[in-house]
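Please load the model in a viewer and keep a selection tool at hand. The tour below proceeds from one selection to the next.

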Amino acid sequence: MADVEAESSTQPEAMEEENPLFSNLDLFLFTLIAGLIIYWFMSRKKAEPIPEFKKLDQPAPSTQETSFIEKMKKTGRNIVVFYGSQTGTGEEFANRLSKDAQRYGMKGMAADPEEYDMSELSRLAEIGNSLAIFCMATYGEGDPTDNAQDFYDWLQETDGQLDGVNYTVFALGNKTYEHYNAMGAYVDKRLEELGAKRVFDLGMGDDDGNLEEDFVTWREQFWPAMCEHFGVEASGEDSRYLFQFIVIITFSFSLNSHTEYGRSDLQINCSPFDAKNPFLAPVTVNRKLNKAGDRHLMLHFLDELVYESGDHVAVYPTNDTVIVNRLGQILGVDLDSVISLNNLDEESNKKHPFPCPTTYRTALTHYLDIIHPPRTNVLYELAQYATDLKDQENMRKMASSAPEGKALYQSFVLEDNRNILAILEDLPSLRPPIDHLCELMPRLQARYYSIASSSKVHPNSIHICAVLVEYTTKTGRLTKGVATTWLKNKLVADNAHKSTVPMYIRKSQFRLPFKASNPVIMVGPGTGIAPFMGFIQERGWLKEQGKEVGETVLYCGCRHKEEDYLYQEELEEAEKTGVITKLNVAFSRDQEQKVYVQHLLRTNKVDLWRQIHTDNAHIYICGDARNMARDVQTAFYEIAEELGGMTRTQATDYIKKLMTKGRYSQDVWS
């Protein structure tokens, strides 16, 4: 320190002797600042536009072929299989049919009608021996699926002629619904009206029975008929053994081995939000709804989504890591290998079965359905890898339409509820390559829940309630619901970070009446009460705004009052304040004789008939389609018969007219 102080003390003296205008330090600083200013002016550029991100796994709009006719001509195809699919099954069937075509000396392509100009259908006759197949699912109350909506609108509006167009339709539906296979039946009828030629009968698939069996039976009759129609013969090669994708393993990809390769399709989170770009909603509440047990849970999400009472929210779950790890272990693969599954058909719009590059772990966790029992085509293709000939034979037998094969598939796969892991565990000779397994597994689908809140009262959050699915199969395996188990474990704060759930809103026709003064009758046992919590909140809000609000009557139910009475405090408070005019709750197991909501409807038949027939009440049903919705509808028939003096036929027509007028609405599932 003494040396430094001595050096410092001499500087003022030297400066006094020379006393220049600028010191060397001043000149240096001045030069540096001037240089920086000149560099800034010289290097300054116009602000670059913010890049527009495109959704992953979606072709760029400028390069995607919108003319399926030109694409078919360019690639030498003569069969196009359009699909209307909400849960992925229709798309899966379309892919199987397009793959089949190669076996018969033809070339097919599966096509999403949302991606093509369907007005070009009339040009299909330009291609020799051409055929259009439609795998059309029905959604909700006889509605088209989201991706088939524009096609449905075009069919309704067009007056063009489809002379020379060959077609057939396979419909996917569920008999428990009022409008069974309505979309498939409409497409079949409308195409014929427009002059197209039906070359094979309409196929009807029933998901309440065995949809896979219905499809296989139709398909095995369809192709021989097509061979006869087009004068072709089947080749010896089985198209079901043809690979559609090739795996590319990227060993050099930079990846931290301690972190999971994340979902690439959820990394850009900006509106508009939809099925291909879900919103990552933080969880703000996760609590148990029932007093005893863990069957029911309620979650609140902070959201930026616009919704109305009665809408549905779709959430994208992930598979159980225990099952994913076990699959990796049993197949002997490194789940963290970075891979890309690339379509061998370079002209296909679907370049990958899921967003790539990714890892096997991410694919099995986020993209593939590994919980549902596999369909017969999966078993057929995997059979080639079984070293035990008996296993091979049984797997191929289950994929046939023979009665013995159907019975074996029904018992071994469906009744025993074996998923792909259970099949691999029970057939030790079966060890397929994981890339082929990833190609064959269907996509993990979104789960839909009725929103249990009103945006008028909760504009920045969405509420859902769900019943936890957990049961033991006949083989002794504990099976857990994919979505509800995943949601249950979504803690509000996880390691100081908010848990998020990918979701989007699906609009519904399940709406309160336009006139608030109309009475509403809501019937929703169990979690069927969900949309009515939103309705009740909204009716309460309308009353607070000074609006005239009609009677608000609720019929709900559960097993035991002291165990699973959902929203008890909220409902009793709403009745106390007059928001609910009358609260009717059926506790089915609290007495020797079971009591359900339909019994309470009959008990209150006089009030119900007045509300419906005189006061123009709107009726809403939510819950189980297979039993509850039918029994409730029967109760309304009986009330109309007794108090309206009608026959059963007249009563049925009366309720159907209410449906047509939008006064009898259902939000049901099976």
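Begin by selecting Ile248, which is partly exposed, with 39% relative accessible area. The model in view is a predicted one. Ile248 belongs to strand β8, which covers residues 245-250. Now add Ile246 and Leu344 to the selection: with Ile248 these residues make up a nonpolar surface patch, whose accessible area is about 260 Å² in total.

**Aromatic pairs**

Turn next to the aromatic rings, which form 28 pairs in this model. Select Tyr104 and Trp223, a stacked pair whose ring centres are 4.8 Å apart and whose planes stand at 10° to each other. Tyr104 is found in the loop between α4 (89-100) and β2 (108-111), while Trp223 is part of helix α7 (residues 211-230); the pair therefore ties together parts that are 119 residues apart in sequence. Are these two residues buried or exposed? Tyr104 is buried, at 10% relative accessibility, and Trp223 is likewise buried, with a relative accessible area of 2%.

A second pair to select is Phe510 with Phe532, which is tilted: the planes are 40° apart and the centres 6.0 Å apart. Phe510 occupies the loop between β20 (500-506) and β21 (520-523), whereas Phe532 lies in helix α16 (residues 530-544), so this contact ties together parts separated by 22 residues in sequence. Phe510 is buried at 3% relative accessibility, and Phe532 is buried at 0%.

Now return to Tyr104 and Trp223 and extend the selection to Phe93, Phe170, Phe200, Phe215, Trp218 and Phe222; ring pairs link these residues into a cluster.

**Charges over rings**

Which ring lies beneath the charged end of Arg418? Select Phe412: the charged end of Arg418 sits over this ring, at 3.9 Å from its centre. Then select Lys456 together with Trp541; Lys456 lies over the face of Trp541, 5.9 Å from the ring centre.

**Annotated positions**

For the final stop, select the residues that UniProt, in an unreviewed entry, lists under "binding site": Arg295, Thr527, Ser588, Arg589, Lys594, Val595, Tyr596, Val597, Gln598 and Asp631. Within this selection, focus on Tyr596, which is placed in the loop between β23 (582-587) and α19 (597-603). Tyr596 is partly exposed, its relative accessible area being 31%.

Definitions and conventions: Residues numbered from 1 in each chain as written. Predicted model: local features only at pLDDT ≥ 70, side-chain atom pairs only at ≥ 80, totals over all residues. Heavy atoms only, no water. Phe/Tyr/Trp six-rings, centres within 6.5 Å; stacked < 30°, edge-to-face > 60°. Helix = DSSP H or I, 4+ residues; strand = E, 2+ residues; numbered from the N terminus. Buried < 20%, exposed > 50% of the residue type's maximum accessible area, 1.4 Å probe, protein only. Lys NZ or Arg CZ within 6 Å of the ring centre and 35° of its normal. Patch = residues over 30% accessible without salt bridge, like charges linked within 9 Å, V, L, I, M, F, W, Y side chains within 5 Å. Areas by Shrake-Rupley, 256 points an atom, 1.4 Å probe, with all protein chains shown as cover. Salt bridge = Lys/Arg side-chain N within 4 Å of Asp/Glu carboxyl O. UniProt positions renumbered as here; feature names shortened; annotations may be inferred.
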